[in-house]
Structure formats: structure tokens, C-alpha cells
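Here are some notes to read alongside the model, written for someone meeting this kind of description early on. Please keep the structure open while going through the points.

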Amino acid sequence: MILQTGLRTDIPAFYSRWFANRLRAGFVCVRNPYNPVSVTRYSLSPDVVDLIGFCTKNPAPMFPYMDLLAPYGQYWFVTITPYGKDIEPNVPEKEAVMDSFRKRFGMVGIDSVCWRYDPILISDVYPVERHISDFEKMAAYLSGYTKTCVISFIDIYKKVERNFPQARPVRPTERVEIGKVFAEIGRRYGMTIKACAEGNDLAPYGVDCSGCMTIKTFEAALHCRLDAPKRKSARIRESRTMQNCASHNGAAYVLDSKSESRTGCACYLGSDIGAYDTCGHLCRYCYANANAAAVRQNMKLHNPESPFLIGDEHPDDQIHEAKQESWIDRQLSLF
């Protein structure tokens, strides 16, 4: 199975010690965000967890615990954008994150790490020309350390309207201009540019529109085939945490037919162990934080020794064991 850690929050950046403790303990408890008394207990045994997916804007706090991750397959989406503290108030300087990317991800391999440049937003401070200039500089610096860069454009959902009223949709002409030039830059620096849930509009310009968090992505990281369960198409909730998710630090999604939908996503989303309203980056475009006050309150309730990310077990909790099994295809193949 695929275990996700970054669809609702940034665990490496803010909860790395807790996650290391959960790996040592061998299990984690996760509340249903829409029915908090319903708790799923996941085994963290590498016998059933084939790959752990990360979406983060700051992987460095997790590096001291990389030995605990050695038994697992890994895939890291690391979001690095040109934005300053006006947009991403608590994200480390991009130069530091890029240095971490270059120095430490050699240990997991080039097939297990992806750069996310998203969400792309346009403003007087961040016009199209600046995106193109900054993207090329960053691509040159990260060249040879990843084969893939995922892009997406900001979506103006209700949480974004509330927390970032100045944001506006990216115009179709701007999308095409950025996608076309980014694809050209990607070719120069050995990167495939993938569009996340943006339809096929950019495919004619060389952008891969087949999805970013796909089974093929995870198979390439594991260097083996996965016999993953078939899943029906799902409506995609507004929660793209790590854009970037995440959070997923990029982009992060939650499958929920009751909420605002986002079609066009081809990602295969595994079980996520995070929680909403817990990401301390407080990015203004975030889809997973309702407001800063809720985040601060939840972070106060975090206990690194608890099996829960926030708080602990309650007397009325209904805990059930997740059905888990390895998806690795053990048959010989020419993969």
C-alpha cells in the first residue's frame, strides 16, 4: 500500500519527531476529518507499507531520521517557489530548501524526488516574466537532482478567498505562455514538466498532463510493479495542502463527494495520516488551513509521543484496524 503524509499538512517540516516515534512504534492513529470519533489505526510495518509519500516545503527536519525510512520505498514532493514572506510567511528561504534538495536527496535516488513549483499565481509582484526568470534559475540549480517538476495554477476556493482576497485566477493566455516556456526550460535542464489537475491544455507544448501522483510514479521510485486496487474516479476536494503539497506541498487532495470538487486529477491517492489546520507555514493560498488561529490552537495540542498527530485518544473513540497489504507484484517482469 501507499501511505501518504502530506495531503493535509507538512509532517517533515513540523512533525518529524512525532513521525519518527510512530515509525519506531510501528503504528499510527488517524481521525476521520468529517467524523472525528472514527479512528483508523494503520500499521507502519514495511511488510504492508510499500512506499511513504511526502509533500513538504521543508524536508530538512526529517533528515536526522532517514535511517528509519530505509526499509520503505519513498517519494518526496518538495515545493520550492519564488514567493517571499508576503505569500509564504513561515517557509524557509528557497536557497536553503534547494541546498537541502541537492545535498540530501541523493540518498533516496533521483526517481524518488520531485520538485513542485506551485501554485503559480500572478500579481504585480509576481508577473509572468518573473515566474519565467525565477523558474529558469531554479531549474538550472536543481538540474541533475530530479527528473520531474510539477506545476499547477492557483484555484480560488472559499478558503483562498477568505485568507488571500487579493488573489485572482490565472488567465488562459498566461497559463499557455508559462506552460510553453516552462516546458522548453525543462527540456534544457533534463526535467519533464508535469501539470497537476490542469486538464490537457498544455499538452501540445510538451507538458505531461497524465498526472503527478500516479501508480507509474510510485513504480519508478520502487523499481518494481504494483498491483494496486482499482479505484473509481472521485471528486476532488478543495484541499491541496502543500502547494503542496504537499503540499498534495505542494498539491494535496482529499477524496470527498460532499465538498467542492476538482475534476481532472489522475493521481492515485493513498491513505493519509495528517490532519487539517495543522500546517505552520500559513501560506496565504493554502487549501487545508481554515485560519491561522485554528492552526496555532491545534499545534498546541500536538504531543510527539501520542499515536495521534493532534491530541490523544478519547473515551468515545471508535478505533478500527485498516485493511492493509503489500501491492508489490512479486512475479518476475522486465520492468
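The points below deal with a pair of helices and then with aromatic rings.

1. Please bear in mind throughout that this is a predicted model.

2. Two packed helices are described by the angle between their axes and the distance between the axes. For helix 4 (residues 94-104) and helix 5 (residues 128-142), the axes come within 10 Å and cross at roughly 30 degrees. Angles under 35 degrees count as roughly parallel, and helix 4 and helix 5 are therefore roughly parallel to each other. The crossing in which helix 4 passes helix 5 is right-handed.

3. Where the two helices touch, Lys 94, Met 98, Asp 99, Phe 101 and Arg 102 of helix 4 meet Met 138, Tyr 141 and Leu 142 of helix 5. Sorted by class, this contact of helix 4 with helix 5 has five nonpolar and three charged residues, with no polar ones.

4. Turning to the rings, a search of the whole structure finds 16 aromatic pairs. One of them is formed by Tyr 75 and Phe 218, which meet edge-to-face, at 6.3 Å centre to centre and with 75 degrees between the planes. This pair links distant parts of the chain, since Tyr 75 lies in strand 5 and Phe 218 in helix 8, 143 residues apart. Both Tyr 75 and Phe 218 are buried.

5. Tyr 117 and Phe 182 also form an edge-to-face pair, with 5.4 Å centre to centre and 85 degrees between the planes. Tyr 117 belongs to strand 6 and Phe 182 to helix 7, 65 residues apart, and both Tyr 117 and Phe 182 are buried.

6. Finally, ring pairs link Phe 19, Phe 54, Phe 63, Trp 76, Phe 101 and Phe 105 into a cluster.

How values were computed
Residues are numbered from 1 along each chain as its sequence is written. This is a predicted model: local features need pLDDT of at least 70, side-chain atom pairs count only at pLDDT 80 or more; totals for chains, interfaces and linings use all residues. Side-chain values use heavy atoms; hydrogens and water are left out. Axes are lines fitted to C-alpha atoms, for helices over the stretch in contact, and angles run from 0 to 180 degrees between N-to-C directions. Helices (H or I, at least four residues) and strands (E, at least two) are DSSP runs, numbered from the N terminus. Angles under 35 degrees count as roughly parallel, over 145 as roughly antiparallel, 65 to 115 as roughly perpendicular and the rest as oblique. A crossing is left-handed if the near helix is turned anticlockwise from the far one by less than a right angle, and right-handed if clockwise. Contact means heavy atoms within 4.5 Å. Ala, Val, Leu, Ile, Met, Phe, Trp, Tyr, Cys and Pro count as nonpolar, Asp, Glu, Lys and Arg as charged, and the others, Gly among them, as polar. Rings of Phe, Tyr and Trp (its six-membered ring) pair if their centres lie within 6.5 Å; planes under 30 degrees apart count as stacked, over 60 as edge-to-face and the rest as tilted. Buried means under 20% relative accessible area, exposed over 50%, partly exposed in between (1.4 Å probe, protein chains only).
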